[in-house]
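Please open the model in your viewer and keep the selection panel at hand, as each stop on this tour begins with something to select.

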Amino acid sequence: MAIKYKLYQNKSKNSQFKDKWYALSVMTGTTDLNTIAERIERNCTAKKSDVLAVLTELVEVLRDELRSSRIVKINGLGSFRISIKSKLADTKEAFSIAKNFKGFQVRFQPEVSGRTAKGQHRNRVLVDGLTLEPWNAKDGAKSTASTTQPGA
């Protein structure tokens, strides 16, 4: 399997990168918690209902821990934390939650491996070994060309 991508041209009139081309990933669908539970059931001895109960509770615990200003680290996956979006204020005294607070974001930091010495490359566990594949929008099928992830 590979990550599908589509090429786009920057058409922004004010951009220093106007008319340059770049790739964006194409998502081909969504996998929900129920589907994840079914796949886990096929790969282990736990029943789908048990897996679904555990995953549902994971979501609840994750939400509770994030709401308590805690970082939630799931080994082999990464860490989640809450960040705040706010508008800038000219001075500390001029900042107020009512005027400057814009909202919350959930930040995810994938787990990394491989860095044993300063200057060595660290691999993000979730994207290690990915490949790229052009997306053919006409038939929804992949093109035959395939490229390994840069730097992989």
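Select β4 (78-86) first, the strand that gives the lining of the largest pocket its largest share, four residues; strands here are DSSP runs of E of at least two residues, and helices are runs of H or I of at least four, both numbered from the N terminus. This is a predicted model, in which local features need pLDDT of at least 70 and side-chain atom pairs count only at pLDDT 80 or more, while totals for chains, interfaces and linings use all residues. Residues are numbered from 1 along each chain as its sequence is written, and side-chain values use heavy atoms, without hydrogens and water.

Now add α2 and β5, which, like β4, each give two or more residues to the lining of this pocket. The lining includes Arg-63, Arg-81, Phe-104 and Val-106.

Next, show β3, β4 and β5 together, an open sheet in that order with antiparallel pairing, where two strands pair if DSSP finds at least two bridges between them. The edge strands are β3 (72-74) and β5 (101-110), each pairing on one side only. Between β3 and β4 there are three bridges, and selecting Lys-73 leads to its bridge partner in β4, Ser-79.

Finally, select Ala-46, in the loop between α1 (33-43) and α2 (48-67). Is Ala-46 buried or exposed? Ala-46 counts as partly exposed because its relative accessible area is 28%, where buried means under 20%, exposed over 50% and partly exposed in between, with a 1.4 Å probe and protein chains only. Leaving aside neighbours within four places in sequence, Ala-46 is in contact (heavy atoms within 4.5 Å) with Glu-41 and Val-51.

Conventions:
On a 1 Å grid over the protein atoms alone, a cavity is a set of points where a 1.4 Å probe fits but cannot get out, and a pocket is an open set with protein on both sides within 12 Å along at least five of seven lines; lining residues have an atom within 4 Å of a point.
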